[in-house]
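Please look through the model shown here with its sequence alongside. The text after it goes from one buried side chain outward to the core, the sheets and the charged pairs.

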Amino acid sequence: SFLSALCTMPEADRLQILDTSPEAIHPARRPEAFIRFLLYHLSSEARRNSTVLDSLCGTTFRSVNDFIESKCNSESSESRVLTVELKYARDDGSTKRFFSDILQNSLFSQTRLRAWNKVSKSYETIVQRKTVTSLPPMLVISCGCAGQRPEDGLCFWRQAEECLPEAIAIELSESGTVSVAELRNEDRIESANRRIYKLHAVVSWINSGDDDSKARGHGGHHVLHPRLT
């Protein structure tokens, strides 16, 4: 009945999470796509009466564009998300990366690029900053590491050492920066600008089978690792 209901929803078909979709994404990535769809769909349906999901998982990001050449006023905008997408930088293997580094770069990023300036009517170099400005009680993270390129994240998750901490602390500074620390036995006291997140569950994809079955989207299965205590 649940799958039958999904098949009637255009949003589910566009997200390519159904087997019947001709462009269905690889099974390994479907839980991420499904939880994203489920959160936003339930949030949209409940918006008329409540904002329960938004109050639990809603995270605010602010994007600021600073024009360097013409010194125009900064352009800023805000967005609200229910899932945080991890962003991976290209890994040359020279230094060990930690989960806290990747999450911090996903919550606060600064890049230079070329963008159109409405005042000067030309393309100019800008510094684009995207930073989280509010932290939710429940942090839902999408790893998004499918693919073979270094920036796809598989290099990080395949490293031999333990890479996922049981608890993290995220702190927002008054200057707008973000710091993420992996906690072991440290003090876990929260404050107005500091939240502690404890790992509750992980969904993993286990490869199995031959290369042909993997190429057809089979040859594997999902495993749920929940915290019991």
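With which side chain does the side chain of tyrosine 88 make a polar contact? The partner is the side chain of tryptophan 157, at 2.8 Å; a polar contact here is a pair of N or O atoms within 3.5 Å, where within protein one must be able to donate a hydrogen and the other to accept it, and residues adjacent in sequence count only if both atoms are side-chain atoms. This is a predicted model, in which local features need pLDDT of at least 70 and side-chain atom pairs count only at pLDDT 80 or more, while totals for chains, interfaces and linings use all residues. Residues are numbered from 1 along each chain as its sequence is written, and side-chain values use heavy atoms, with hydrogens and water left out.

Tyrosine 88 itself sits in the loop between strand 3 (84-85) and helix 5. Helices (H or I, at least four residues) and strands (E, at least two) are DSSP runs, numbered from the N terminus. A polar atom of the tyrosine 88 side chain also lies 2.9 Å from the backbone oxygen of cysteine 143. Tyrosine 88 and cysteine 155 are 67 residues apart along the chain, yet their C-alpha atoms are separated by 9.8 Å. With a relative accessible area of 10%, tyrosine 88 is buried; buried means under 20% relative accessible area, exposed over 50%, and partly exposed in between, for a 1.4 Å probe and protein chains only.

Next comes the nonpolar core. In soluble globular proteins, nonpolar side chains tend to be buried together. The largest nonpolar core of this model has 22 residues, and those with the most contacts inside it are Leu103, Leu107, Ile168 and Ile170. Such a core is a set of buried Ala, Val, Leu, Ile, Met, Phe, Trp, Tyr and Cys residues joined through side-chain atoms within 4.5 Å. Helix 5 (99-107), helix 6 (154-157), strand 7 (167-172) and strand 8 (178-183) each supply at least two of its residues, and helix 5 gives the most, with four. A second, separate core has seven residues, including Leu6, Met9, Ala12 and Leu18.

Isoleucine 170 shows what surrounds one residue of the largest core. Leaving aside neighbours within four places in sequence, isoleucine 170 is in contact (heavy atoms within 4.5 Å) with residues that include Leu103, Leu107, Leu135, Leu139, Val178, Val180 and Tyr197. Helix 5 lies across strand 7 and strand 8, running at about 155° to strand 8; axes are lines fitted to C-alpha atoms, for helices over the stretch in contact, and angles run from 0 to 180 degrees between N-to-C directions.

Strands 7 and 8 belong to an open sheet of three strands in the order 8-7-9, with antiparallel pairing. Strand 8 and strand 9 (194-198) each have a single partner strand and stand at the edges, so one side of each is left without a neighbour in the sheet. From one strand to the next, the twist averages 20°. Two strands pair if DSSP finds at least two bridges between them, and strand 7 pairs with strand 9 over five bridges. One of the residue pairs joins alanine 169 to isoleucine 196 in strand 9.

Further antiparallel pairing involves strand 5. Strand 1 is joined to strand 5 by eight bridges, with phenylalanine 61 opposite its bridge partner valine 132 in strand 5. Strand 4 (residues 108-117) pairs with strand 5 over 10 bridges; here phenylalanine 108 has threonine 131 as its bridge partner. The hairpin of strand 4 and strand 5 has four residues between the strands, and lysine 121 takes a positive phi near 60°.

The structure holds five salt bridges, each a side-chain nitrogen of Lys or Arg within 4 Å of a carboxyl oxygen of Asp or Glu. In one of them aspartate 54 meets arginine 80 (3.0 Å, N to O). Aspartate 54 lies in helix 4 (residues 52-57) and arginine 80 in strand 2 (residues 75-81), so the pair ties together parts that are 26 residues apart in sequence. Both are partly exposed, aspartate 54 with a relative accessible area of 23% and arginine 80 with 38%. Arginine 129 and aspartate 66 form another salt bridge (2.9 Å, N to O), linking strand 5 (residues 122-134) to strand 1 (residues 59-67) across 63 residues.
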